[in-house]
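Biologist: Please take me through this model by question and answer. I should like the terms to be defined as they arise.

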Amino acid sequence: MDSKCVQFFQNKTILVTGVPGFLAKVFLEKILRVQPDVKRLYLLLRSSDNESAMERFRTEVLEKDLFRVLRNDLGDANLKNLVLKKVAPIPGDISVVNLGVKDSDLLQHMWNEIEIIVNVAATTNFDERYDVGLSINTFGPLNVLNFAKKCVKGQLLLHVSTAYVCGEKPGILPEKTFKMGETLNSNGKLVIETEMELMKQKLKELQKQECSEEEIAQSMKDLGMSRAKLHGWPNTYVFTKSMGEMLLGNHRENLPLVIIRPTMITSTFSEPFPGWIEGLRTIDSVIVAYGKGRLKCFLADSNSVLDLIPVDMVANAMVMAVAIHAGKSGSQDVYHVGSSSKNPITFGKLHDLAARYFTKSPLVGRDGSPIIVSKGTILSTMSQFSFYMTLRYKLPLQMLRLINIVYPWWNGNKYKDIDRKINLAMRLVDLYRPYVLFKGIFDDMNTERMRLKRQDINNQIYGSLEFDPKSIDWEDYITNIHIPGLITYVLQN
C-alpha cells in the first residue's frame, strides 16, 4: 500500500445504515482499510440491544472473509483495537422515527458528532410485502433524512437506490431525479400518503377477516405488485425505492443529497481481493441453477445488455461521491454506477461464458459424479416460454393428475410437488422478466465526470478508487473471478 491516505475521511464521524448487508460491508471495509484515522463509524443494525448489535456486527461483518486483508495487515489484536476505538454498532431500525435509537444521551451525542450519513438499508425482494416495502424503502429514507437534518455538523446524506427505478423503459436512461408524485405510465398522480392509507386499510380488512399470517403475507405481496404495475413499475421493490427517492428530493431542504443508483451488483473485482460475494444476487441464482444442471430453459433475450457492476466499484464510487459533495449546500446529484453505457455485456455472452466454465470445471453431484450441463434453450418472449413450459411440463402433469384421481394411492404427492415447482418457476421467471428482457442503457455522464475528478483526488489515497467499467475484461472477470467466487460461496453455505 502507498503511504498516502484519504485526507477527507480523516477525523470524520460517519453513520452507515444497512449493515450487515453486502454493499454496506464492502463500503465499511474500504473506509477502515484506507483511512484507519476515521474518527467514528456508527453502524445501525437491527437488533434488540447493544449486546446483540455487537454480536451481529462480530459474526455477520467482522468475522467474514472480506476482512482477511485488513486482519492480515494489522493482525488480530490491532484490528480488534481499531474496531473498539472506531466502530460503534447501534441497535436501531430505519423504519422508525429517530432510527429506533432509544438511548437519549446517545442520540444527542450522535446528532452533535455525525457529519456524513450513508443510507444503504433496504429490502431487495422484488415482491416484498407492501407494508414492509413502504416502511423500509419508502419511509425509511425519510426517517434517515429527518435524522440527518438534526445532525448539527451534517454535511451530506448519501442514499443508495437502484438504477432500475426507471422501470422497463428502453433507450438511454438519464441520471435524473424524480418529481414528487410522477408515475412511469402517466396513469393518474401518485400520492404516497394514499398508498400508505391503502396498505393500512387492506391490512385492517385482512385482520378483521381473521386471515392466517400466510394469507396476510400473500395479500400484502399481491397488493404491492398490483400498485407498482398500476403506476408503471414492474415490481414492489423498484416502486417503493422510487417513492423513497421522491420523499428525499422533496424534503431535503438544503442538506446536500447524493443518490447512488447501482445496477446489478456482482462479486468484488479487485478489492480487498477478487471474487468475494455474499448471497445470490439477481443473475447469480440463474448461473448457479445452470451449473447444477437444473436450468434447461430460460427466458431471456441473448442480445439484451445485462448491466453488471462489481461491488467494490460501487463502494469506491460512494467513497468518491462523499469526498466531492460533502458540505456543498443545496446540491442534489444522481449517479448511475453500472457498465451498460461504457462496457456492455449481453446475456448471450454471459451464457456462453457460463457454459464454457461449467463444461471445463463441472460441479459435482450428490452421487460424486460431474454434472454435465447442456447449452440449454433460451426463449426471448414470455409467450414462447409459456408454450415451452406447457408442452414440456404442464401437459405431462395433467396426465399425472388424471392418474392421481383414478389411482390416488399410486403416486402419493408427486403431482402436487411438481405442480408447486412449476408455479414457482413461472413466478420467478415473471419477476426476472423485466431484467432479462431489458432494453435500456443507463447513461452515466455524472459518474464519468466524477471518474475524471478521481484523478485529482486519487493521489491522496492509498489503495485506489477504481470504478471505471472500461477496466473490466468480462471474459476474465466472469470465468476467473465471478463464477469461482460464486461457487466458493455456494459450497460454504
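Modeller: A residue is called buried under 20% relative accessible area, exposed over 50%, and partly exposed in between, using a 1.4 Å probe and protein chains only. The model is predicted, so local features need pLDDT of at least 70 and side-chain atom pairs count only at pLDDT 80 or more, whereas totals for chains, interfaces and linings use all residues. Residues are numbered from 1 along each chain as its sequence is written, and side-chain values use heavy atoms, with hydrogens and water left out.

Biologist: In which accessibility class does lysine 202 fall?

Modeller: Lysine 202 lies in helix 7 (residues 192-208). Helices (H or I, at least four residues) and strands (E, at least two) are DSSP runs numbered from the N terminus. Because its relative accessibility is 29%, lysine 202 counts as partly exposed.

Biologist: Which residues does lysine 202 touch, not counting residues up to four places away in sequence?

Modeller: Contact here means heavy atoms within 4.5 Å. Methionine 220 is 18 residues from lysine 202 in sequence, yet their C-alpha atoms are 8.0 Å apart in space. With residues up to four places away in sequence left out, the residues that lysine 202 touches are Ser219, Met220 and Leu223.

Biologist: How far apart are the end C-alpha atoms of helix 8?

Modeller: The expected span of a helix is 1.5 Å times one less than its number of residues. Helix 8 (residues 213-230) has 18 residues and should therefore span 26 Å. The model agrees, for the distance between its end C-alpha atoms is 26 Å.

Biologist: Which residues of helix 8 are buried?

Modeller: An α-helix has 3.6 residues a turn, so residues three or four places apart point the same way. Among the buried residues of helix 8 are Met220 and Leu223, both of which lysine 202 touches. The full set of buried residues in helix 8 is Ile216, Met220, Leu223, Gly224, Met225, Arg227 and Ala228.

Biologist: What phi does glycine 232 take?

Modeller: Glycine 232 comes just after helix 8. Its phi is positive, at about 100°.

Biologist: Is glutamate 113 buried or exposed?

Modeller: Glutamate 113 belongs to helix 5 (residues 104-113). Leaving out residues up to four places away in sequence, glutamate 113 touches Thr13, Lys39 and Lys153. Because its relative accessibility is 18%, glutamate 113 counts as buried.

Biologist: What is the relative accessible area of proline 262?

Modeller: Proline 262 is in strand 7 (residues 257-262). Leaving aside neighbours within four places in sequence, proline 262 is in contact with Val160, Ser161, Thr162, Ala163, Val314 and Val337. The residue is buried, and its relative accessible area is 3%.

Biologist: Which residues are closest to the centre of the largest pocket?

Modeller: On a 1 Å grid over the protein atoms alone, a cavity is a set of points where a 1.4 Å probe fits but cannot get out, while a pocket is an open set with protein on both sides within 12 Å along at least five of seven lines; lining residues have an atom within 4 Å of a point. Grid points are joined across faces, edges and corners, and a volume is the space filled by probe spheres set on the points. The largest pocket holds about 1,400 Å³ of space. Of its 46 lining residues, the closest to the centre are Ala122, Thr123, Thr124, Asn125 and Arg281.

Biologist: Which helix gives the most to the lining of the largest pocket?

Modeller: Nonpolar residues are Ala, Val, Leu, Ile, Met, Phe, Trp, Tyr, Cys and Pro; charged ones are Asp, Glu, Lys and Arg; the others, Gly among them, are polar. By these classes the lining of the largest pocket has 24 nonpolar, 13 polar and nine charged residues. Helix 1 (22-34), strand 2 (40-45), helix 9 (236-251), strand 8 (264-266) and helix 14 (414-436) each supply at least two of them. The most, five residues, comes from helix 14.

Biologist: What is the volume of the largest cavity?

Modeller: The structure holds three cavities of 30 Å³ or more. The lining of the largest cavity is made of 16 residues, with Val286, Tyr290, Leu295, Phe347 and His351 nearest its centre. That lining divides into 11 nonpolar, three polar and two charged residues. The volume of the largest cavity is about 160 Å³.

Biologist: Which helix supplies the largest share of the lining of the second largest cavity?

Modeller: The second largest cavity has a volume of about 40 Å³. Its lining has three nonpolar, one polar and five charged residues. Four residues, the largest share, come from helix 1.
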